[in-house]
Amino acid sequence: MTPIDQGIAIGAEARRFVRSYHNGSLCTLSKKLEGYPFASVSPFVLDAAGNPIILISNLAEHTKNIDADSRVSLLVYPCADDAQAVGRVTLTGRAARLPDKKGFGDRYLRYLPQAHDYFAAHDFYFYRIQVENIRYIGGFGKIHWVRPEHYAPPPTTALVEAEAGILAHMNADHRDNMRDYCRYLCSCEAVDVEMVGIDYDGFDLRADGKLLRLDFSEPVSNATEARTALVAMARQCRESPEQETI
């Protein structure tokens, strides 16, 4: 594997890690405290390019900091008893307010429906963190700086445009398949299940209120490739050895 190929592989691994989580620690440069780092909790949803989108109030301290100095970092990590033993990713870049609040609203609220009241409030706006540097720690001894072009997925305009239709189709006609995804691929029994998002690397289900992330074996760029991948996963579930014991 060439150094470039290795960089792309590590970048994809870091990106898939970030896709599995929707809460992070946002660090801004304090305006009030003369440039001291200021950390706060920040839910986020990734856009098609892998950039975090955050919904924040213009009254919040971190928003005032961003408006004064747009340089930020976002630490993404799972809750664990030993935080240093698990993977984490730090994304650094510049945060900028999106001009259209509604443009990303549907996708954001599918992942974070608890933010509906914040979204409806007049003083909350979306900010995009344009990723410039990535620090990926995949575990002990697995530490990398990742180039932004290795972290970002290829452009997937066709898939972004098809996302709403794919979700509608899966949620209307294929909930049994999605329950099988939960059972055989996530070891999770679920009754109420829906698909909330799909992207280049995989898709997300809400299963009995809990978000589950499932990665594709190969990336997808359009609706046809997405259908092929989803059908293959359904077939994998039907052919699972566990299926025979039920």
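Which residues of helix 6 are buried? They are listed under View 2, after an overview of the predicted model.

**View 1. Whole chain of the predicted model.** Residues are numbered from 1 along each chain as its sequence is written, and side-chain values use heavy atoms, with hydrogens and water left out. In this predicted model, local features need pLDDT of at least 70 and side-chain atom pairs count only at pLDDT 80 or more, while totals for chains, interfaces and linings use all residues. The chain has nine helices and 11 strands; helices (H or I, at least four residues) and strands (E, at least two) are DSSP runs, numbered from the N terminus. The radius of gyration is 19 Å, close to the 18 Å given by the globule rule for 246 residues, so the chain is as compact as a globular protein of that length. This radius is taken over C-alpha atoms, and the rule is 2.2 Å times the number of residues to the power 0.38. Of the 246 residues, 44% count as buried. Buried means under 20% relative accessible area, exposed over 50%, and partly exposed in between (1.4 Å probe, protein chains only).

**View 2. Helix 6, residues 157–173.** The buried residues of helix 6 are Leu 159, Ala 162, Glu 163, Ile 166, Leu 167, Met 170 and Asn 171. They pack against helix 3 (105–111), helix 7 (175–185), strand 9 (193–198) and helix 8 (223–238), where contact means heavy atoms within 4.5 Å. At Glu 163 the helix bends by about 45 degrees, the angle between axes fitted to the seven residues ending there and the seven starting there. The end C-alpha atoms of helix 6 are 25 Å apart, which agrees with the 24 Å expected for its 17 residues at 1.5 Å a residue; the expected span is 1.5 Å times one less than the number of residues.

**View 3. The largest nonpolar core.** Such a core is a set of buried Ala, Val, Leu, Ile, Met, Phe, Trp, Tyr and Cys residues joined through side-chain atoms within 4.5 Å. Of its 26 residues, Ile 166, Tyr 181, Met 195, Phe 203, Leu 205, Phe 216 and Leu 230 touch the most other members. Two or more residues each come from helix 6, helix 7, strand 9, strand 10 (202–207), strand 11 (210–215) and helix 8. Helix 8 gives the largest share, six residues. Apart from this core lies another, of 23 residues, among them Phe 44, Val 72, Val 131 and Val 146.

**View 4. Surroundings of Arg 15 in helix 1 (residues 3–19).** Arg 15 counts as buried because its relative accessibility is 3%. Leaving out residues up to four places away in sequence, Arg 15 touches His 150, Tyr 151, Ala 152, Pro 153, Tyr 200 and Asp 201.

**View 5. Two loop residues with positive phi, Glu 34 and Asp 208.** Most residues other than glycine have a negative phi. Glu 34 has a phi of about 55 degrees and is found in the loop between strand 1 and strand 2 (37–43). At 76% relative accessibility, Glu 34 counts as exposed. Asp 208, with phi near 50 degrees, is in the loop between strand 10 and strand 11. The relative accessible area of Asp 208 is 43%, so this residue is partly exposed.
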